[in-house]
Amino acid sequence: MSRIVYVNGRYVPYAQATVHVEDRGFQFADGVYEVCEVRTGRIVDEERHLARLNRSLRELSITPPMSDAALRVVISEVLRRNMVRDGAVYLQVTRGTARRDFVFPDPDVAPTLVVTARSVDPSKGQSTAEQGIAVVTVPESRWTRVDIKTIGLLPNVLAKMQAKEAGAREAWFVDRDGHVTEGGSSNAWIVSESNVLITRPAESGILRGITRTTLFDLAQAHGLKIEERGFTVDEALNAREAFITSATTIVTPVVRINSTVIGGGTPGPLAMRLREKFHSVAASRPI
Ligand code: PDD
């Protein structure tokens, strides 16, 4: 089956799906994106992802390409045409195509919308979680507006490549005060001795992850305490458990940070329980 991609109003075969060379996404990384999990034929936390997409667009004064209702139709159609039951859907909106100029183009330049989808075998993520992942710490090198989910991801690319070269799955950015901000493509969490979940406040230095937000709902439903505060690398190295959250990894335990083994090198039981229960609280709708 050939893959089908949505580009600016058309559903086209993957190989023919193109945007203009002067698209501002290509020229300036002038755009934003979202990734939603698709699980057992349902789209997970779509409303929260669309709300964040609209916020990102607003923060950058990019015109929304269409209404949320229309976007939901496109998302479903791309998933259906690609027969995705488990996997992810990717949405990207850029400021559109215009002659290269740093200042915004005329307001009548239409934004570019691309929607792609792919199947992912859910057992892969599950076996990764059951093994646990390694992370490496890297100095924070990003701009201050990481609360906007922009496609400008070069520091994340370099950090995650550094992680890969060190045999790790994720890189944790560390700010000037020695506090972990977040992962290259995930939020960072630790668990204290008294089983309190600790994660950095979303007010600065991180993306307000949708998985993170839904985990707050889950914690509340199960009477678990969350402390929203920064934590240092040293605290993480001595934590009972550590884990990451994102739409593609859900909750995935961390069993090594740099060369230090966490929780005896096996996935934390609390992280695994949260992973198991996650979809019982996450909103979802059928494709
Ligand atoms: N990344 N922080 C960063 C820097 C991210 O890129 C992501 C998601 C998250 C977690 O957000 P959420 O829970 O909404 O997925 C946090 C996606 C999955 C990606 O870039 O592929």
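Domain bounds in this tour come from an automatic or database domain assignment. The model is predicted: local features need pLDDT of at least 70, side-chain atom pairs count only at pLDDT 80 or more, and totals for chains, interfaces and linings use all residues. Residues are numbered from 1 along each chain as its sequence is written, and side-chain values use heavy atoms, with hydrogens and water left out.

**Stop 1: the ligand**

Colour domain 1 (4-120) and domain 2 (125-282), then select the ligand. Both domains give residues to the shell around the ligand, so the ligand lies between them.

Next, select the residues near the ligand, meaning those with a heavy atom within 4 Å of it. There are 20, and the closest are Tyr33, Glu182, Ile210, Thr211 and Ala247. By class, the shell has five nonpolar, twelve polar and three charged residues. Here Ala, Val, Leu, Ile, Met, Phe, Trp, Tyr, Cys and Pro count as nonpolar, Asp, Glu, Lys and Arg as charged, and the others, Gly among them, as polar.

Show the secondary structure. Helices (H or I, at least four residues) and strands (E, at least two) are DSSP runs, numbered from the N terminus. At least two shell residues come from each of strand E3 (31-39), helix H2 (46-59), strand E9 (180-183), helix H6 (210-221) and strand E13 (241-246).

**Stop 2: polar contacts to the ligand**

A polar contact is a pair of N or O atoms within 3.5 Å; within protein, one must be able to donate a hydrogen and the other to accept it, and residues adjacent in sequence count only if both atoms are side-chain atoms. Select Thr211: a polar side-chain atom lies 2.6 Å from an oxygen atom of the ligand. At Ile210, a backbone N or O atom is 2.8 Å from a ligand oxygen atom. Ala247 likewise has a backbone N or O atom 2.8 Å from an oxygen atom of the ligand. Taken alone, the ligand exposes 470 Å², of which the protein buries 90%; accessible areas come from the Shrake-Rupley method with a 1.4 Å probe, and for residues only the protein chains shown count as cover.

**Stop 3: the seven-strand sheet**

Two strands pair if DSSP finds at least two bridges between them. Select the open sheet of seven strands, ordered E2-E1-E6-E5-E3-E4-E16 with antiparallel pairing. Strand E2 (10-13) and strand E16 (284-286) stand at the edges with a single partner strand each, so one side of each has no neighbour in the sheet.

Within it, E3 and strand E5 (residues 87-94) run antiparallel, joined by eight bridges. Glu37 stands opposite Ala88 in E5.

**Stop 4: a hairpin**

Select E8 and E9, a hairpin with five residues between the strands. Gly178 in the turn has a positive phi of about 85°. Trp172 stands opposite Gly183 in E9.
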